[in-house]
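Thanks for coming, everyone. I'd like to walk you through a model on the screen, so please get comfortable and follow along.

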Amino acid sequence: MVRARPPPTLASARNFASVLPIFRVVLRTVLIVLLLGLGVLVLVDSGRRVPLRQAPAATLDRTPLPPRAPPPTLPAMAPTALVPPTATPALDLFARLAVRRRIIREGSQVYLDSLFPHTDSVLTRWFERTTLSVALVRDTLLARWTPGLLEEARAGMRAWDAIGASPRLREATAGDTADITVRWVDLLPDSGLVGSTTLDWGRDGIVRRATVTLALRRNTDSLVLPPPGRVRVATHELGHALGLPHSDNPDDIMFRTSPVTAPSPRDQATLRLLYVLFPGPLRLQP
Ligand SMILES: [Zn+2]
């Protein structure tokens, strides 16, 4: 016997009607989950972008670094030769080589290379000083003393000051501790010499004190030097007091027996170079 089955359409409709609420709940749940997931993704994504946006900002914050200190204002010469001495032997040797190369590069324009042949060759000069006080010792008890001697020494000071490369030479006033002392004597112990300079400097080549002694006569048989000669000697010795060595050219005032009365262009160039180089030993062997 065949039992008649209910019409399938009605049964399907009834089944669909019973499933529909469940389907809606599931759909709503899926939608909520999707929305929540999307929200989480948005949050995660925005959270990940924060550092990416901050990185350039940090970079920008670092951009306005304090301005670099300007290079030292040095007259005429480029500061490339200004190589500081170091405690590292290799770098120290490199610094010495750089100074020597700079001196050699200047060629015959300067005469600092006269220091090289000496085994104890040291570049000596005043360091980090803008002015030097110069005491002119008035020895009125000295025979043949004349106030004109002071003016001759001042002329020598002005000659080096006019170059503007080394510390300014200023006449010491009462109570000053003189950096450079200039004094006069009738004769120097070494016959024939009319000027002598003693430099007090350390192993670093930095000059701490200088004493210039000027003789009024060359030897016991000679007359007093004439004023132009005395100015020349005073200027020459003050050049030593600033650290200049001897020149090998009679046209320079730093030549041992030069007839000139003022620093030559070569004297000036040598002084400028001296005061852009670091003081200290120039020898390559320890
Ligand atoms: Zn000399």
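Let's start with helix 5, which spans residues 265–274 and is mostly covered, with eight of its 10 residues buried. Please keep in mind as we go that this is a predicted model.

Which residues of helix 5 are buried? They are Asp267, Gln268, Ala269, Thr270, Leu271, Arg272, Leu273 and Leu274. And what do these buried residues pack against? Their partner is helix 4.

So let's move over to helix 4. This helix covers residues 227–242 and packs on the sheet, where it touches strand 4, strand 5 and strand 6. Helix 4 and strand 6, residues 207–215, have directions that make an angle of about 160°.

Just ahead of that helix there's a proline to look at. Pro226 sits in the loop between strand 6 and helix 4. Is Pro226 buried or exposed? Pro226 is exposed, because just 9 other C-beta atoms lie within 10 Å, and the cut-off for exposed is 12 or fewer. If you look for Leu216, that residue is 10 residues away from Pro226 along the chain, and 8.9 Å separates their C-alpha atoms.

Now for the sheet itself. Five strands make up an open sheet, with mixed pairing and the order 3-2-4-6-5. At the edges are strand 3, residues 168–171, and strand 5, residues 195–201, each of which pairs on one side only. From one strand to the next, the twist averages 20°. As a quick reminder for anyone who is rusty, strands of a sheet pair through backbone hydrogen bonds, in either a parallel or an antiparallel way.

We have both kinds here, and I'll take the parallel example to begin with. Strand 2, residues 131–136, runs parallel to strand 4, residues 180–185, and three bridges join the two. To find one of these on your screen, go to Val134, whose bridge partner in strand 4 is Ile180. Lying across strand 2, strand 3 and strand 4 is helix 3, residues 148–161, which runs at about 155° to strand 3.

For the antiparallel example, please look at strand 5 and strand 6, which pair over seven bridges. Trp201 stands opposite Val207 of strand 6. These two strands form a hairpin, with five residues between them. Which residue in the turn has a positive phi? That would be Gly205, at about 80°.

That's my tour, and I'm happy to go back to any part of it.

Technical notes: Residues numbered from 1 in each chain as written. Predicted model: local features only at pLDDT ≥ 70, side-chain atom pairs only at ≥ 80, totals over all residues. Pairing = 2+ DSSP bridges. Helix = DSSP H or I, 4+ residues; strand = E, 2+ residues; numbered from the N terminus. Axes fitted to C-alpha atoms, helices over the stretch in contact; angles between N-to-C directions. Contact = placed C-beta atoms within 7 Å. Buried ≥ 20, exposed ≤ 12 C-beta atoms within 10 Å, placed from the backbone.
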